[in-house]
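Reader: Hi! I'm in my first year and I've got this protein open on my screen. Could you pick one part of it, take me through it slowly, and show me how it sits in the whole thing?

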Amino acid sequence: SWTPPSSWTPPSSANHPLLLITHDGSGAATGFVEADAEHPHLNVHDLGVTRGDGIFETYSIGRGHVQALDAHLDRFARSARMLDLPQPDLGVWRDAVLEIGRRLADHEEAWVRTILTRGIEGHDMLTGWAQGRPSPDYRRERTEGLSVALLDRGLRSDVAQTSPWLLAGAKTLSYAVNRAAVREAQRRGADDVVFVSTDGFLLEGPNSTVVLRRGDTLSTPPVDFGILPGTTQGDLFAAAPEWGLQAVMEPLTPDDLHAAEAAWIVSSVRHVTPIRAVDGVERPIDASLSAAWNGYLHARLS
Ligand code: PLP
């Protein structure tokens with residue numbers, strides 16, 4: 001049995017369902033079992049921990065409905081391919097994610113995360129789990145917006161073609177760099193980050209997609225710039241005609257961001273957050289479109 005360290009305080013909420021995905025030696029998922037999230041389950045030799053060698057997805061849940069489920073599962077499979085992991089059995093993962101959604105249906109907003117690691121070093125057995133929690137309250141940033149710092153990612157916009165082993169655009173467990181970038185932004189007095197390529201193009205946030213509005217056109221950077229294909233941006237762009245907008249993927253620069261009538265960082269759990277300042281320079285926000293989009297995203301049933 002596990003004895004918690006004396007410094008350990010149990011989370012205040014009991015609402016964190018955890019399902020461990022079971023695998024056979026060939027890498028095929030065989031099902032899932034319920035587990036207690038307050039107890040340890042990972043082996044210290046797990047490559048997900050010792051090397052960050054694995055993938056994840058985070059899905060939003062609105063009143064029990066897991067949102068953009070297919071797009072997330074597709075991206076989970078895409079990340080697995082990029083890391084040469086066995087293809088996840090999406091039927092098993094889907095059932096686990098939907099089960100977590102049902103367990104959190106009492107919450108207005110919640111999230112579920114799926115994680116797949118290369119498993120325990122020296123063993124041919126993958127490690128996987130799906131875990132959920134109620135979401136924090138994001139109302140303030142959704143309405144007031146956030147300030148961002150533009151940070152050089154140190155990669156060219158063609159990195160996915162020239163150096164695919166850097167895994168740019170895969171959702172890997174190695175997010176220490178993304179966290180470090182946010183700390184650097186905070187040192188500069190900003191809340192969040194928009195990465196820029198060494199050849200001067202806007203890329204993405206550490207956990208968000210950048211969207212600009214110029215006139216009645218929405219734009220976002222191309223996925224082949226080594227960025228993650230955003231599921232939230234995908235849903236907003238598919239629905240753009242509902243707001244009389246057209247949507248394009250195109251190369252964008254910091255000048256485009258400064259000049260845009262409105263700009264956002266968008267992501268599954270935080271939804272739509274207006275960018276209200278860039279490198280300390282205030283810029284306008286589109287409060288009514290932000291509110292409409294957040295309402296739309298929250299109401300999604302799938
Ligand atoms: N880009 C990165 C690097 C991310 O980690 C995320 C999500 O966390 C996104 C973009 C936005 O993707 P989504 O809208 O699917 O959450």
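Author: Let's start with contacts between residues at least 6 apart in sequence: 70% of these join residues at least 24 apart. Keep in mind that you're looking at a predicted model. In terms of building blocks, the protein has 9 helices and 14 strands. Its radius of gyration is 20 Å, close to the 19 Å that the globule rule gives for 302 residues, so the protein is as compact as a globular protein of that length. If you box in the C-alpha atoms along the principal axes, you need roughly 60 × 45 × 40 Å. And of the 302 residues, 49% count as buried.

Now for the part I'd pick: strand β5, residues 109-117. How many of its 9 residues are buried? The count is 8, so this strand is mostly covered, given that buried means under 20% relative accessible area.

Who are its partners? One is strand β3, residues 54-62, which pairs with β5 in the antiparallel sense over 9 bridges. To find that pairing on your screen, look for Phe56, which stands opposite Ile115 in β5. Another partner is strand β6, residues 127-134, and here β5 pairs in the antiparallel sense over 8 bridges. A handy marker for this pairing is Arg113, whose bridge partner in β6 is Gln131. So, to follow β5, trace residues 109-117, then look for β3 and β6.

While you're at it, let's step away from β5 for a quick look at backbone angles. Most residues other than glycine have a negative phi. Asp84, though, has a phi near 55°, a positive value in a residue that isn't glycine. You'll find Asp84 in the loop between α2 (69-82) and α3 (90-103). Buried or exposed? Asp84 counts as exposed, because its relative accessibility is 65% and the cut-off for exposed is over 50%.

His271 also has a positive phi, about 65°, and isn't a glycine either. Where does His271 sit? Its place is in strand β13, residues 271-278. His271 counts as buried, because its relative accessibility is 2%.

Last, a look at the outside and the charges. The accessible surface of the protein comes to about 14,000 Å², with 52% of that belonging to carbon and sulfur atoms. The protein carries 27 positive and 39 negative charges, and the mean positions of the two sets are 3 Å apart.

Terms used: Residues numbered from 1 in each chain as written. Predicted model: local features only at pLDDT ≥ 70, side-chain atom pairs only at ≥ 80, totals over all residues. Heavy atoms only, no water. Helix = DSSP H or I, 4+ residues; strand = E, 2+ residues; numbered from the N terminus. Rg over C-alpha atoms; globule rule 2.2 N^0.38 Å. Buried < 20%, exposed > 50% of the residue type's maximum accessible area, 1.4 Å probe, protein only. Contact = heavy atoms within 4.5 Å. Areas by Shrake-Rupley, 256 points an atom, 1.4 Å probe, with all protein chains shown as cover. Lys, Arg positive; Asp, Glu negative; His and termini not counted. Charge placed at Lys NZ, Arg CZ, Asp CG, Glu CD. Pairing = 2+ DSSP bridges.
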